[in-house]
Amino acid sequence: MSEARLPVVGIGASAGGLEALREMLAPARAPTGMAFVIVQHLDPNHESMLAQLLDRHTMLDVLQCEGGEKIAADKVYIIPPGHGLAIRNGVLELTEFAQPRGLRRPIDDFFISLAIDQQADAACVILSGTGADGTTGLRAVKEHGGVCLVQQPESARYDGMPLSAVGTGLVDYVRQPGEMLDCLFAFFNHRATADAPEQEAALVADHVDDLCKVLRTAVGHDFSGYKRTTLIRRVERRMHVLGIGTGRNYLARIKSDADECEALFRDLLINVTRFFRDTELFDRLRDKVIEPLVRQTEGEDIRVWVPGCSSGEEAYSIAMLFAEAARARGVSPATVQIFATDIDERMLQIAREGVYPASALADMPLPLRERYAIPHAERFTIAPQIRDMIRFSNHSIVKDPPFSRIDLVSCRNLLIYFDDRLQQSVMPLLHYAIRPDGYLFLGPSESVGRFEHLFPAIDQQARLFQRAPGPPNYPIDLPGHMRQRDARGDGRSDRSGARTVSDETAAVRRMVDRYAPPSLVLDQDGGIIAAYGRLGRYFDFPVTRTGGSSAISLARGGLRTVLGPLLREGRDGRKRVVARDVLVASEYGQQQIDVVCDPLPDGTLLFVFRETAPFRPALDEDIGELDASDDHVDALEDELRATRHRLRSTVEELETANEELKSSNEEMMSMNEELQSTNEELSTVNDELKSKVDQLTVANSDLRNFFESTELAVIVLDSDLRVRSFTEAATALFPLQPSDRGRPLEDVSTRLAGSEYLDDARAVAGGKAALQRRVTTRDGGRTLSLRTLPYRTQAGSVDGATLVLTDITEALSMERDLAAERERMDMAIRAGGVAVWEYRVDTGEAVIDDHARAILGIDPAVSPDDAVGRLSRLHPDDRPIFDAALAQVIADGGDFECSYRVVQNGETRRIKSFGRMIVDDGPRRLVGVSIDITPEYRLAETRELMLREMNHRVKNLFAIVGGMISAGARSHEDVRAFAGDLRERIAALGRAHSLASPTGEMQAIDLAELVDATERL
């Protein structure tokens, strides 16, 4: 996802939204490449715990907005209670509510600001909630190119907000909350990884004409006249939603997918409107157009046309202004006819119903709201007198004939989507439709362009124009299938074109209803398809044009008997059949008629009823005739005056009752709005409290399991040293029972020696810091560690003490044993002349005690991390060997072994070191020992010297023996004599050697003894 573009996801939720928010954010894993802003209906008087609750269920950073935060990726910002939220230039701002509780719509307000600030980088998500907050904001996000997601209404605890959003037809995705993050990531990731915007637009532009043809065939409307940039941008949005990479593939998709054609059609119809949009401009419209029209045309019809009316809010706004102006002038608003048209039948249906979410009331001025809005719980209905002023119909300003003789055309925010060619064809049509001196009301971003001579401005800033007087002097290409074309383009063609289909239809209808004989169109089974004229004399009730009932069953006496035969004969013979002089009887008399059955080409049958004689009323015998000479005028006038008086009194009473009902209704509406808002806020608080209760339940369960399973003896006391709680292990020292809760601890017997624990508890409960001491049991067999801790409340105040007793008997015994072993080991190390050391490889620090320093020749002043000082007395010739061995063990691990010399005070000592690299979860360490081998080395030198001397003496001895053998051989010829002489000589040599060193030590020898010993040889 692109770093330069940070999508901002606005999330709107109300009652039941906490669960959906947890489900949505739980799968989030950084980096998401998106920022999230949650707007929920919160109680302004209650501190929100939403941030803490969500923080436990997501890996993203969750924080409550304080205002001024710069939007950052992978963070969740939450609206604070009592404030609205807006975003400007990527910075969140807190706002104050302008509306009272019940009419506030923080979700809509934030979505609108998000759409304006982030444009196509905006996304809106609507989750569970009541009412319709968020629907208007969703329209704004859609208008500016953002993406819209809604929770599946079936999965929401409260489906009011999801259903209202889905009802707009503008939603891109309807998903479960847990699926929304993947959906958003796929949408924005596809957009980020797509080609550059210019390249992607070029790829789509190649297929725009084909797309328009497919749309025209599928939905019957031609969008080729729309601005290409708008059309391409909307197509790109649909491609991103579907994950389609090329325009060719999308073209193939809409050719084969009717649902996608409908989705693109709705994307192109940007149904963004609201009541009194741009309030200041509507005020100018009222002052400069509506009120003058009402003054100038008193008693005459006023015709208004609102093309592109969408869901009707603008048409109703204009109707309310006309009704107010008529009320101020004291005339009836029935003379105002407003024609509101659009090509979106779904929006027209909403407009006809006149039912809107209660949040839309905030857009209406208070007097109009009170007079023309009828509240119903979460919605309101437009008053009947306003609805009766408007006729909603499906009409295309592009392809259908325009209306005529219009006093005011309100064509706002429609022309901005047309290209220049289409605008130039529409403006003459509007000029044709508006009567001379009529008015044109455009949107704030629209103008009349080069047609200023046709529509001079009366308020340029408000986009109010007045049609110039005089007939049109340009060719008009009237749309529609029945338009008349004249190549000459003279004035007669203009006049002939003025006769529209609607005018002809009205004329035919008037002629049939008033001047033609009564008639029916029946199907072959006698069902009524259409009815014309006054048929009450011949049927039991007034037959409507929509029909749908059987004519034979509804016919009166006399007529019923001939309708069936006429129907069968006309149907079977396919020729006109007449039944003459048929007497139709009713409760008022008899009428003689001829009934004509005329088969029509489409298989239906036309029945015409022609009167052939005057109506003969039925007279009873007991009825007397009124004498014409009687004077009844005075009696009738008296009766009329009395009736008028009663009627006036009744009207006054009715008006009083209506005023009271209206006042009560307003109060109920206000109370209902406040109750609804409070209910939503309480629902949110209830969700938060439910989550807290769940957490407390888990905490209590954990605490209970801890108390039951721990071997620690714990006693919790209140400020009066009464027992609050205790663990099972504590009963071994204090024989506590569950009924002892609330009992003073000093009243409970104990196996401890002394009462110091009570003194410590009083001191700590009184405000002192934690205390610790050792205590023993009375028999002295056990020693325990007693820690006395303050018991703190949620507010941080001290409200008692907690005693924690730990049996340390075995630990103390082990401690004594370890101390003895440590002492013996230390004596052994010192006696053996062994230095123990530790080298920390990563820091270069060495841990060496004083005994080891003395053996290694390290000065006591050298710090542990001074490597140069530690090795300063190492013999220079041995330093490379030592460094190489150390480097090898650091690199490869394993064992370290090295012999080297240490020079200290002119004396050279020899040291041999052994070590092993320890690699575990902590830092790397080389642990080893060093031994002073100087005495052993010197003993080895002495042994070597003695061996050399012995070898030398043995060699000399062998030489003497060899000389003796040579000398004896010269003086003896007998072997026996030679052997004996040689034996004597060797014995004398031994005596002389014994004489020279009788004890093995150097000493003085008497020369006479030596000569005497040698003479014996």
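Of the 1017 residues of the chain, 42% count as buried in this predicted model. The chain holds 30 helices and 35 strands. Contacts between residues at least 6 apart in sequence were examined for their reach, and 62% of them join residues at least 24 apart.

Nonpolar cores were considered next. In soluble globular proteins, nonpolar side chains tend to be buried together. The largest nonpolar core here has 48 residues. Within this core, the members touching the most others are Phe223, Trp305, Leu430, Leu440 and Phe455. Several helices each supply at least two residues of the core, namely H8 (208-219), H9 (228-242), H10 (247-256), H11 (258-268) and H17 (420-433). Strands S16 (406-411) and S17 (434-442) each supply at least two residues as well. Another core, of 46 residues, lies apart from this one. Among the residues of that other core are Phe322, Val336, Phe392 and Ala462.

Leucine 440 illustrates the contacts around one core member. Residues up to four places away in sequence are not counted here. Leucine 440 then touches Val409, Met427, Leu430, Ile434 and Val448. Leucine 440 also touches Phe455, Arg463, Leu464 and Phe465. Two of these partners, Leu430 and Phe455, are listed with Leu440 among the core residues that touch the most other members.

Helix packing was examined for three pairs. Two packed helices are described by the angle between their axes and the distance between the axes. Helices H8 and H10 both contribute to the 48-residue core. The axes of H8 and H10 lie 10 Å apart, at an angle of about 5°. H8 and H10 are therefore roughly parallel to each other. On the H8 side, the contact is made by Asp210, Leu211 and Val214. On the H10 side, Tyr250, Leu251, Ile254 and Lys255 take part. By class, the contact of H8 with H10 has five nonpolar and two charged residues, and no polar ones.

Helix H10 also packs against H9, with another geometry. The axes of H9 and H10 come within 11 Å and cross at roughly 85°. That crossing makes H9 roughly perpendicular to H10. Val235, Arg238, Met239 and Leu242 of H9 meet Gly247, Tyr250 and Arg253 of H10. This contact has four nonpolar, one polar and two charged residues. Tyr250 of H10 takes part in the contact with H8 and in the contact with H9.

The third pair is H3 (residues 106-118) and H4 (residues 135-143). Their axes are 7 Å apart, and the packing angle is about 5°. H3 and H4 are therefore roughly parallel to each other. H3 contributes Asp108, Phe111, Ile112 and Ala115 to the contact. H4 contributes Thr135, Thr136, Gly137, Leu138, Ala140 and Val141. By class, six of the residues in the contact of H3 with H4 are nonpolar, three are polar and one is charged.

Aromatic pairs were searched for across the whole structure, and 19 were found. One of them joins phenylalanine 282 and phenylalanine 441. Their ring centres are 5.7 Å apart, with 90° between the planes, and the pair is edge-to-face. Phenylalanine 282 lies in helix H12 (residues 279-296) and phenylalanine 441 in strand S17, so the pair ties together parts that are 159 residues apart in sequence. Phenylalanine 282 is buried, with a relative accessible area of 2%. Phenylalanine 441 is also buried, at 0%.

Tyrosine 316 and tyrosine 356 form another pair. Their ring centres are 6.1 Å apart and their planes stand at 80°, so the pair is edge-to-face. Tyrosine 316 lies in helix H13 (residues 313-329) and tyrosine 356 in strand S12 (residues 355-357), so this pair links parts that are 40 residues apart in sequence. Tyrosine 316 counts as buried at 1% relative accessibility. Tyrosine 356 is buried too, at 3% relative accessible area. Both tyrosines belong to one aromatic cluster with Phe275, Phe380 and Phe392. Phe392 is also among the residues of the 46-residue core.

A loop residue was examined last. Cysteine 65 lies in the loop between strand S3 (61-64) and strand S4 (75-78). At 2% relative accessibility, cysteine 65 counts as buried. Cysteine 65 and isoleucine 78 are 13 residues apart along the chain, and their C-alpha atoms are separated by 5.5 Å. Leaving aside neighbours within four places in sequence, cysteine 65 is in contact with Ile78, Pro80, Leu85, Leu92 and Leu94.

How values were computed
Residues are numbered from 1 along each chain as its sequence is written. This is a predicted model: local features need pLDDT of at least 70, side-chain atom pairs count only at pLDDT 80 or more; totals for chains, interfaces and linings use all residues. Side-chain values use heavy atoms; hydrogens and water are left out. A nonpolar core is a set of buried Ala, Val, Leu, Ile, Met, Phe, Trp, Tyr and Cys residues joined through side-chain atoms within 4.5 Å. Buried means under 20% relative accessible area, exposed over 50%, partly exposed in between (1.4 Å probe, protein chains only). Helices (H or I, at least four residues) and strands (E, at least two) are DSSP runs, numbered from the N terminus. Contact means heavy atoms within 4.5 Å. Axes are lines fitted to C-alpha atoms, for helices over the stretch in contact, and angles run from 0 to 180 degrees between N-to-C directions. Angles under 35 degrees count as roughly parallel, over 145 as roughly antiparallel, 65 to 115 as roughly perpendicular and the rest as oblique. Ala, Val, Leu, Ile, Met, Phe, Trp, Tyr, Cys and Pro count as nonpolar, Asp, Glu, Lys and Arg as charged, and the others, Gly among them, as polar. Rings of Phe, Tyr and Trp (its six-membered ring) pair if their centres lie within 6.5 Å; planes under 30 degrees apart count as stacked, over 60 as edge-to-face and the rest as tilted.
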